[in-house]
Amino acid sequence: MAQARVKARAPRRESVFGERFAVFAECLLTGVWIAVACLGIVTYPAAFAAGARHLRRRTTHRSSGLREFVADFRTAVRGGWAVGLAGWVVAGAVRLDVLAARAGLPGGPLVGAVGVLVLIGAAVALLRATAVWAPGATWRALLADAGRRTVLDPAGSFLVVCGLAVVALSAGFVPPLAVPVLGAVAAAAVAVEERYRHR
C-alpha cells in the first residue's frame, strides 16, 4: 500500500524562481567557458557560437555540458577564426579613425564617429550571427542574414548593445566580473533572435 502511494506521487517540480536562477547561473558559467575559449585571440566568434548553442539547448531542457560546448567550439572555429581575424582588422581601422579624430585632422570627428558606429553595428551583427549558429552553417551566410536582422530589428539590436554595455561597465568597475557576464551577452543575443523569430 505504501509502495503504491509512493509511485502515485508526481515528481516534484522546480519553482519558477529556482528555474530562472538556474538559467542565470548557467549563463555565468557559460561566460567563463566563452572567456577561456576566447584566449585564442581570433576564436571569439566560435566561442560565442558554442556558448549560444549551449544556452539554447539548456533553455529547451536538452542536456548539455562542457563536452558539447567543446565539440561545438571545435566545429565553429574552423571557419570562425577568419571572422575573428576580420573583426580585429575592423577594430584596428576604427582605432585609426578615432586617433585621426583626436589629432584634429579635417573631418576627423565625423570619420571617427562613423567608424565607432560601424564597429558597434558589426559587433551586434556578429553576436546575432553567433546566436543562431549551428554545425554546417557557413559564417558568410550567417553574417549576411544577421546584418539584415540588425538593420530590420533596431529594438533587438539595441538590446544587444545594452548587453555589450553591461560587459564594458562590469569590466570598468570590477574587471573579473566581465568574464561571467559574457554568458549573459550570449544569452541576450539568443533571446533577441528568439524574439525576432516569433514576431
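Which helix supplies the largest share of the lining of the largest pocket? Keep that question in mind as we walk through the structure, which is a predicted model.

Let's begin with how confident the predictor is. The chain has a mean pLDDT of 86, and 89% of its residues reach 70 or more. The elements of the chain do not all score alike: helix 6, residues 139-152, has the highest mean pLDDT at 94, while helix 1, residues 2-8, has the lowest at 49. Where pLDDT is low, the predicted coordinates should not be read in detail.

Now let's turn to the largest pocket. Its volume is about 720 Å³, and 23 residues line it. If you would like to find its centre, look for Y44, G87, L119, A123 and L126, the lining residues that lie nearest to that point. Helix 3 (44-59), helix 4 (66-103), helix 5 (108-131) and helix 8 (178-197) each give at least two residues to this lining. Here is the reply to our opening question: helix 5 provides the largest share, with 8 residues. What kinds of residues make up the lining, by class? There are 21 nonpolar residues and 2 polar ones, and no charged residues.

Finally, pay a visit to I41, which sits in the loop between helix 2 (16-37) and helix 3. Most residues other than glycine have a negative phi. I41 is not a glycine, yet its phi is positive, at about 65°. Is this residue buried or exposed? With a relative accessible area of 53%, I41 counts as exposed, because the cut-off for that word is over 50%.

Technical notes. Residues are numbered from 1 along each chain as its sequence is written. This is a predicted model: local features need pLDDT of at least 70, side-chain atom pairs count only at pLDDT 80 or more; totals for chains, interfaces and linings use all residues. Side-chain values use heavy atoms; hydrogens and water are left out. On a 1 Å grid over the protein atoms alone, a cavity is a set of points where a 1.4 Å probe fits but cannot get out, and a pocket is an open set with protein on both sides within 12 Å along at least five of seven lines; lining residues have an atom within 4 Å of a point. Grid points are joined across faces, edges and corners, and a volume is the space filled by probe spheres set on the points. Helices (H or I, at least four residues) and strands (E, at least two) are DSSP runs, numbered from the N terminus. Ala, Val, Leu, Ile, Met, Phe, Trp, Tyr, Cys and Pro count as nonpolar, Asp, Glu, Lys and Arg as charged, and the others, Gly among them, as polar. pLDDT is the predictor's confidence in each residue, from 0 to 100. Buried means under 20% relative accessible area, exposed over 50%, partly exposed in between (1.4 Å probe, protein chains only).
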